[in-house]
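Trainee: Could we take a close look at one part of this model, the charged pairs? I'd like to go through them slowly.

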Amino acid sequence: MNLKSLKRKKIGVLMGGTSSEREVSLRSGGAIYNTLKAAHYNVAPIDARGDLCKILKKERLDVAFIALHGGHGENGAVQGMLEILGIPYTGSGILASALAMDKEASKKAFLYGGVPVPPFKVLCRGAVPPSVRKTFPLPLVVKPAAEGSSVGVEIVKKNTDLSGSLRQAFSYGDRVILEKYVEGKEVQIGILNDRVLGGVEVKPSLEFYNYEAKYTSGLTEYIFPPRLDRKTYAKVKEAALAAHRALGCCGATRVDLIVDSDRNPYVLEVNTIPGMTETSLLPKIAANAGIDFLSLIEEILAGAIK
């Protein structure tokens, strides 16, 4: 679709919502809305809380740009509503969104598809076995099974810290992932309409690339391209695209990986609605590939209409 046709359509930017990532979503959605408005698109900002179905019917949108992070906006629920209403939307469909948001389901899909992941175990509320400490040697990673932006994620280095980390992770849901800690380079790969844009190595000043490091300017160093040899970088991009396809994703995604000291890549997760704030990685990766912020938004929209 050419840009002239796209500018004739009414675009709704869905942002905010009710998840733990509401504030980040408002920043992502605001950046998208302001950029489209400045480029003279017919665009409306929509806070996805309250009676969203009623709001969407009233707005009479031609396409929805989903800038929701976490919760119903990223787990397939809003995608299902948009399909019922007949409104094309950006990003992955219902199933891929649900799989990507659920770390247990996505890891199992990765394993089935031959995508490398760190060893892990799933714990359910009320059924934590007494041998948890023996599952993996410390340090290990504790994370909620269905949260994004590293919300609730902790690296446990001492046995005395494990109970508190589990309690924190269980506060977000009934399932928790215990994951073997893999020391190495943190690399993020951007994918747009089933093609790899490139990657970035993130070097946080904090313990790892957590929520604070992701959304606080100045806390993370971004290295383009990642400090990897050509063969390893190719393996990382191949693993990222395989993960994207294993879940059936489309549109724009960001795949988070760890590359260990033996140059082996491990996929941590796929983000079906990557952040679009001033510190977000997908816009940085796209810019490094020669795609400015407006062009990135337009390509994502074009993919949705197609």
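Mentor: Sure, let's start with Glu179, which counts as buried because its relative accessible area is 3%, and the cut-off for buried is under 20%. Keep in mind that this is a predicted model. Glu179 has a partner: a salt bridge joins it to Lys107, with the closest N and O atoms 2.4 Å apart. Glu179 sits in strand S7 and Lys107 in helix H6, so to speak two distant parts of the chain, 72 residues apart, linked by this pair. Lys107 is buried too, at 1% relative accessibility. As background, side chains of opposite charge can pair when their charged atoms come close.

Now stay with strand S7, which covers residues 175-180, and go to Arg175. Its side chain meets that of Asp102 in a salt bridge of 2.7 Å, N to O. Asp102 lies in the loop between helix H5 (94-101) and H6, so this pair ties together parts that are 73 residues apart in sequence. How exposed are the two partners? Arg175 is partly exposed, with a relative accessible area of 26%, while Asp102 is buried at 18%.

Next comes Glu104, which is found in helix H6, residues 103-112. At 17% relative accessibility, Glu104 counts as buried. Its side chain is joined to that of Arg175 by a polar contact of 2.7 Å. Leaving aside residues up to four places away in sequence, Glu104 touches Val122, Ala145, Arg175 and Ile177. Put Arg175 together with its partners and you get a network of salt bridges linking Asp102, Glu104, Lys108 and Arg175.

Let's finish with a pair elsewhere in the chain. The structure holds 14 salt bridges, and one of them is between the side chains of Asp47 and Arg22, at 2.8 Å from N to O. Asp47 lies in strand S2 and Arg22 in helix H2, so the pair ties together parts that are 25 residues apart in sequence. Arg22 is buried, with a relative accessible area of 16%, whereas Asp47 counts as partly exposed at 27%.

So when you go back to the picture, begin at Glu179 and Lys107, the pair that links strand S7 to helix H6, then find the network of Asp102, Glu104, Lys108 and Arg175.

Key
Residues numbered from 1 in each chain as written. Predicted model: local features only at pLDDT ≥ 70, side-chain atom pairs only at ≥ 80, totals over all residues. Heavy atoms only, no water. Helix = DSSP H or I, 4+ residues; strand = E, 2+ residues; numbered from the N terminus. Buried < 20%, exposed > 50% of the residue type's maximum accessible area, 1.4 Å probe, protein only. Polar contact = N/O pair within 3.5 Å; in protein donor to acceptor, adjacent residues only side chain to side chain. Contact = heavy atoms within 4.5 Å. Salt bridge = Lys/Arg side-chain N within 4 Å of Asp/Glu carboxyl O.
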